[in-house]
Amino acid sequence: MIHRLNVYEAAQKRLKLVFDNFDYVYVSFSGGKDSGVLLNLCVEYLRKNLPGRKLGVLHLDYEAQYSQTTEYVADRLAEDRDILEVYHCCVPFKVTTCTSMYQSYWRPWEESKKELWVRDMPGNCYVENDFDFFNDELWDYDFHQLFAKWLRQRKQVRRICCLIGIRTQESYNRWRTIHSSRNYRHFGSAKWIHMMGGNVFNAYPIHDWKTSDIWTANGKFRWKYNCLYDLYYQAGIPLGRQRVASPFISQALSTLSIYKAVDPDTWGKMVSRVNGVNFAGLYGSSFAMGWKSIKCPAGFSWKQYMEFLLGTLPEEAARNYRDKLRVSIRFWRERGGCLSEETIKKLRDRNISFSIGGMSAYHTDKRPVRMEYLDDIDIPEFKEIPTYKRMCICILKNDHACKYMGFALTKKEKLLKESVMKKYRLLNHDKI
């Protein structure tokens, strides 16, 4: 009879594969429930199977966070100091904010804003001068990638692996991160280990865990966790919205107001730290910022409403949205978006004009559909169809990157990122 592994047993096998095949391993630790369980799993595995081996821990400190998170991170990292090599980073990289139409990003620990810092910088942390690759154009996600190469060079190892505690249950995008073979080469047959380039790998050992598995493990093994989750539970916040992340990203705005009740001192400092925080705290979970079903004003089409909204924005912000819209319109006219046969049938049933292209360049069974922008469409696949209503929602959510419309990096943003990476390679970090 074949024994089917539970998620804990499967994680043990995955950790063995990682520690057997990589010269240096570190955990990306945010202070949230998932990365906390992953860190505990690694510490437990090393103490049981590889005594004496060190484990790296990367903690990106975003300055503005619950005091409960700050305390938990400090306590947890101090508990296993004998085997942990901690990289607590307090650097002013760019971080997306969706609280303001004037400000598309903010910088934690920005020296010129020191008098407004939400809290004092912790001691023994790594700052921007510790990283030769740091520059003012770096976003937090770029820092992650460059840090891995910096650490590989610093440790003088051939192959390095970053363990990341994301789970596919959280969202489709996370499922796609693990299972899509379009963007990454895998490590042998392990689809949950991705080669990021230059002998740098990311691994996701708990990708198949459920939320219930996380809390079962914490209870069964009596692991420490962030007590913020207890306060979330007492406040009636659903499990899917209990987030420990940068408080100003779109996913966190619906619970931003909880700061006022849970951590009022921090909230008072956050209000003056980033533009629009108080407004987002008041209306982040309402239709005022596009989170609920919004209605087109009487006498307006969605396209007209979009133009009205753009007219209320600062010139630079409006230009950004218009550029995004122009790119999207051209994409749907010339290349087309990939839609399922079921969605295509719904378009036909509504007498919407479109054309279907040949084989798609993407690894998918869906077919490329070319069409003009619609004002709106009432189908469950609304988010897959180009409509002016979607652009209105982006504007109302202060979604400057237009992620709600499926946008990735623009050509300008890609060129900027490539320029940063080119400068970094000139430092000869890939010669090991």
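Here is a chat about the helices, strands and loops of this predicted model.

Reader: Hi! I'm new to this one. How many helices and strands are there in the protein?

Author: Welcome! The protein has 15 helices and 12 strands. Keep in mind that the model is a predicted one.

Reader: Thanks. What share of the residues is buried?

Author: Of the 432 residues in the protein, 49% are buried. As for contacts with a separation of 6 or more, 69% of them are between residues 24 or more positions apart.

Reader: Let's talk about the sheet. In what order do the strands of the open sheet come?

Author: The order is β3-β2-β1-β6-β9-β8-β7, so to speak a row of 7 strands, and the pairing is mixed.

Reader: And which strands are at the edges?

Author: Those are β3 (84-89) and β7 (185-187), each of which pairs on one side only. From one strand to the next, the twist averages 30°.

Reader: Let's start at the β3 end. How do β2 and β3 run, parallel or antiparallel?

Author: They run parallel, joined by 6 bridges. If you want a spot to look at, find L58, which stands opposite Y87 in β3.

Reader: Found it. Now β6: is it enclosed or open?

Author: Strand β6 is largely enclosed by the rest of the structure, because 5 of its 5 residues are buried.

Reader: Which way do the residues of β6 point?

Author: I160, C162 and I164 point one way, while C161 and L163 point the other way. Residues on both sides are buried.

Reader: What does β6 pair with?

Author: On β1, the pairing with β6 is parallel and has 5 bridges. Strand β6 (residues 160-164) also pairs with β9 in the parallel sense, over 4 bridges.

Reader: Can you give me some residue pairs to click on?

Author: Sure. L163 in β6 is the bridge partner of V27, and L163 also has A203 in β9 as a bridge partner. Another one to try is C162, whose bridge partner in β9 is N202.

Reader: So what about β9 itself? Are its residues buried or exposed?

Author: They are buried. V200 and N202 point one way from β9 (residues 200-203), and F201 and A203 point the other way.

Reader: How does β9 run against β8?

Author: Antiparallel, with 4 bridges between β9 and β8 (residues 190-197). One residue pair there is M195 with F201, its bridge partner in β9.

Reader: What links those two strands?

Author: A turn does: β8 and β9 form a hairpin with 2 residues between them. G198 sits in that turn and has a positive phi of about 60°.

Reader: Which other residues have a positive phi?

Author: Two that are not glycine are W109, with phi near 60°, and N351, with phi near 55°.

Reader: Where is W109, and is it buried or exposed?

Author: W109 is in the loop between β5 (105-106) and α4. At a relative accessible area of 2%, W109 is buried.

Reader: And N351?

Author: N351 lies in the loop between α13 (341-349) and β11 (355-356). N351 counts as exposed, with 71% relative accessibility.

Reader: Time for helices. What can you tell me about α1?

Author: Helix α1 (residues 7-21) has 15 residues and reaches 21 Å from its first C-alpha to its last, close to the 21 Å expected at 1.5 Å a residue. At its start, a side-chain oxygen of N6 comes to within 3.0 Å of the backbone nitrogen of Y8.

Reader: Which residues of α1 are buried?

Author: A10, A11, Q12, R14, L15, V18 and F19 are buried. What covers the buried residues of α1 includes strands β1 (24-28), β2 (55-60), β6, β8 and β9, along with helix α2 (33-49).

Reader: Where does α4 lie?

Author: Helix α4 (residues 140-155) lies across β1, β2, β3, β6, β8 and β9, and it runs at about 140° to β3.

Reader: Last one: how do α11 and α12 pack?

Author: Helix α11 (residues 302-311) and helix α12 (residues 315-334) pack at an angle of about 145°, with their axes 9 Å apart. The contact is made by M306, E307 and L310 of α11 together with A318, Y321, R322 and L325 of α12. The crossing of α11 past α12 is left-handed.

How values were computed:
Residues are numbered from 1 along each chain as its sequence is written. This is a predicted model: local features need pLDDT of at least 70, side-chain atom pairs count only at pLDDT 80 or more; totals for chains, interfaces and linings use all residues. Side-chain values use heavy atoms; hydrogens and water are left out. Buried means under 20% relative accessible area, exposed over 50%, partly exposed in between (1.4 Å probe, protein chains only). Two strands pair if DSSP finds at least two bridges between them. The expected span of a helix is 1.5 Å times one less than its number of residues. Contact means heavy atoms within 4.5 Å. A polar contact is a pair of N or O atoms within 3.5 Å; within protein, one must be able to donate a hydrogen and the other to accept it, and residues adjacent in sequence count only if both atoms are side-chain atoms. Axes are lines fitted to C-alpha atoms, for helices over the stretch in contact, and angles run from 0 to 180 degrees between N-to-C directions. A crossing is left-handed if the near helix is turned anticlockwise from the far one by less than a right angle, and right-handed if clockwise.
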